[in-house]
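User: Could you take a close look at one helix pair in this protein for me, and then walk me through the empty spaces and a few backbone details? I would like one connected account that I can follow on screen.

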Amino acid sequence: MGTFETETRAASGILNVSRRTFLKGSGGFALGIAFAPLLRGGEALAATAEPFTPNAFVRIAGDGSVTILAKHVEMGQGTYTGLATLLAEELDADWSQVRVEGAPANAALYNNLAFGPMQGTGGSSAIANSFEQMRKAGASARAMLVAAAAEQWKVPAAEISVSKGVVSHVASGKQAGFGELAEAAARQPLPSEVKLKSPKDFTLIGQERLSRKDSADKTDGSAIFTQDFKLPGMLVAVVAYPPRFGGVPKSVDATKAKAVPGVIEVVEFKDTPHGRAGVAVLAKNTWAARQGRDALVVEWDESKAFRLGSEEIFARYREAASKEGRIAGKQGDIAAALAQPAKLIEADYEFPYLAHAAMEPMNCLVKISAGQCDVWNGEQFQTVDQLSIAKYLGIPVEKVSLTQLYAGGSFGRRANPQSDYLLEAVAIAKAARAKGHEVPVKLVWTREDDTHGGFFRPAYLHRARLALDAEGKLQGWHQRVVGQSILKGTAFEAALVKEGIDHTSVEGAANLSYAVPNLQVELHTPDDISVPVQWWRSVGHTHTAYAVETLIDQAATTAGKDPYAYRHELLGKKPRHLGALELAAQKAGWDQPLKPGAEGEKRGRGIAVHESFGSFVAQVAEVTVKADGSFKVDRVVCAVDCGLAVNPDVIRAQMEGGIGYGLAAALHGAITLKDGVVEQSNFHDFQVLRINEMPVVEVHIVPSAQAPTGVGEPGVPPIAPAVANALYAAVGQRIYKLPLPRQVQQA
């Protein structure tokens, strides 16, 4: 094992374990964490060192500690806390005795129920797909503890209660902690059915300010991310990539690189399935590897490289938009509605490529031995990555182990359908072995590598025409979307691309929420643009929500109606949209005049509402525009309906984070190309939101008894249109291209 478990981390309540460590633990290895206060009992039973493992999600040790195995990676979104809340609720555990481990890669045990037969984290699905599963796991363990106590105390199980980790029989006065009953509980039969609590009996779910299980070690620096993890003899690899996508090494002079102290080897790779090639410098540490890369002399063969710039790409998109595309959504007769409208709105929108800009750039650690590949990673796509690696190495999939570590953000990047950086690490380790270096290899991307050469949110163009009648009512909605498919060529294409429609390109538009009698949404998917693309936080909703919500705003003002009232009327049959819309408007004081700015300043307020990943979010943004046209987002009021609020604090944090992330893209985000070369490289020219740009954010949760949905992504889509609508309210300028201009002008 590597430097992995520390005393501090264990005390903080979270450990990540490899599959082998997990199996070892399941076979009788009890983690030596003291929970002495939990060993209670008026008539104490003998504490046991054997863990009680009633199912794949929970293990109770003899010291009373409850270890919950999280099948979803913790990348800042609060999953470890949410999953633990669900199980601990039904177990009736004390929150202080609960700790969390990352589950090993095992689709048979840890399948994402929203994805089908695969393990993975994404699509804001963690809590939604685990809601009943984790509760049943906790309830099953509780039932076995109760059965064990009933047997030993010779009392009816129905007379036994459990509260905060203590099993009690009131009539006899007998009590026992979980640890005291663990060994006996392990001998009880698994219950075939369990009764879950009524929401009125929840003590953890919905509780305000329940402490997060990952905060302590992230605060004191003891949290283990991939970059922290080391193995004996490990080499660090930093890669020289071709300037343009599709380039390959033509000749390599590694003389100067190998002269750098600490550099051990230089290897090439060009056979990865996703097509990216590179030259890796392997060294004893990251700094030496980076210096070695800088010293490399590489001549690239770019005869097959992509060479278009952003302007040429959008020119092609505009040409495509002039022609009919594949129909992704249709109702009524759009041709008739657009034939002679009383009022017509026409607009072209442009959305740039976007980098994910996770705080922790891509990295992973790979160890290849005879017929086996072990990987340590902030792992988001276990099953896909296992299959990809196994196929590449020609070994059985069960010979690929993946250990889940913390991820320092992802926003979709670590769920790459083509397993790009993982396969590169494997390719480098394989090439190193061929040169006699049978050692673990950690691939480290620099920030520049990630910004310059990652997989991006595709660029899109939307062409829209809206028909209104004389009273301003929407009669027709025609929207044509042009952009690369993120699914084409991946393992997901067969299931998620139907009749040429990648639904992720048109989600939020093809299934328009507003009541419009005549609708047609079309899609063009260019196949001659080879910029690598994949999903970005909120996927297609990041651009469709902007187009839809600014178009609705324009329709409202064209009709001479209040934007909130106009939306309200069109969402009459969408109660959950309305719930979020009404709450956001109420909390923002929409019916009250906006406080004026200082002399020379103009202020505006905009609203947007959008459904994504089963959650409904409305946001009201307030902006101040200075006399020179520069502006600041002052305040955002957000209302979210995500069903039952499992962890209200986490939900608010995710909305705040989503607003900050979405605002960064709205104000600054653009990956541009010139002659096929990405022009950005780091945070100085692909800027994330600075602290002085963050508005005051208020988050309100719509009360709900519906099953919980996701919160990781739905906070992002409404913010850009809400701000754009606020700018229009302030100065009268409509904005059809993102990122928003640094200065706006009065229309």
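Analyst: Helices α18 and α19 make a left-handed crossing. This is a predicted model, so please read everything here as computed from predicted coordinates. Helix α18 covers residues 563-570 and helix α19 covers residues 575-588, and their axes come within 10 Å and cross at roughly 160 degrees. Angles over 145 degrees count as roughly antiparallel, and α18 and α19 are therefore roughly antiparallel to each other. To find the contact on screen, pick out Y564, R567 and H568 on α18, and then L578, L581, E582 and A585 on α19. By class, these contact residues of α18 and α19 divide into four nonpolar, one polar and two charged.

A second helix pair, α12 with α13, is handy to set beside that one. Here helix α12 (residues 382-393) packs against helix α13 (residues 420-434) at an angle of about 30 degrees, with the axes 10 Å apart. Angles under 35 degrees count as roughly parallel, and α12 and α13 are therefore roughly parallel to each other. The crossing of α12 and α13 is right-handed. On the α12 side the contact is made by D385, S388, I389, Y392 and L393, and on the α13 side by L422, L423, V426, A427 and K430. Seven nonpolar, one polar and two charged residues make up the contact of α12 with α13.

Now for the enclosed spaces. A search of the whole structure turns up six cavities of 30 Å³ or more. The largest cavity has a volume of about 140 Å³. Its lining has 15 residues, and T542, G662, A665, A720 and L738 are the ones that lie nearest the centre of this cavity. Two helices, α20 (648-667) and α21 (719-731), each supply at least two residues of that lining. The largest share comes from α20, with three residues. In terms of class, the lining of the largest cavity has eleven nonpolar, three polar and one charged residues.

L738 is worth a second look while you have the largest cavity on screen, as L738 is among the residues nearest the centre of that cavity. The peptide bond from L738 to P739 is cis, with omega near 0 degrees. You will find P739 in the segment after α21.

Turning to the pockets, the second largest has a volume of about 900 Å³. It is lined by 41 residues, and F245, G246, S530, V531 and P532 lie nearest the centre of this pocket. The elements that give two or more residues to the lining of the second largest pocket are the strands β9 (235-240) and β13 (297-301) and the helices α9 (286-295) and α14 (447-453). Helix α14 provides the largest share of this lining, four residues. By class, the lining of the second largest pocket has 17 nonpolar, 15 polar and nine charged residues.

One last backbone detail to look up is E499, which has a positive phi of about 50 degrees although E499 is not a glycine. You can locate E499 in the loop between β22 (497-498) and β23 (501-502).

Conventions
Residues numbered from 1 in each chain as written. Predicted model: local features only at pLDDT ≥ 70, side-chain atom pairs only at ≥ 80, totals over all residues. Heavy atoms only, no water. Axes fitted to C-alpha atoms, helices over the stretch in contact; angles between N-to-C directions. Parallel < 35°, antiparallel > 145°, perpendicular 65-115°, else oblique. Left-handed = near helix turned anticlockwise from the far one by under 90°. Contact = heavy atoms within 4.5 Å. Nonpolar A, V, L, I, M, F, W, Y, C, P; charged D, E, K, R; others polar. 1 Å grid on protein atoms, 1.4 Å probe; cavity = no way out; pocket = protein on both sides within 12 Å on 5 of 7 lines; lining within 4 Å. Points joined across faces, edges and corners; volume = space filled by probe spheres on them.
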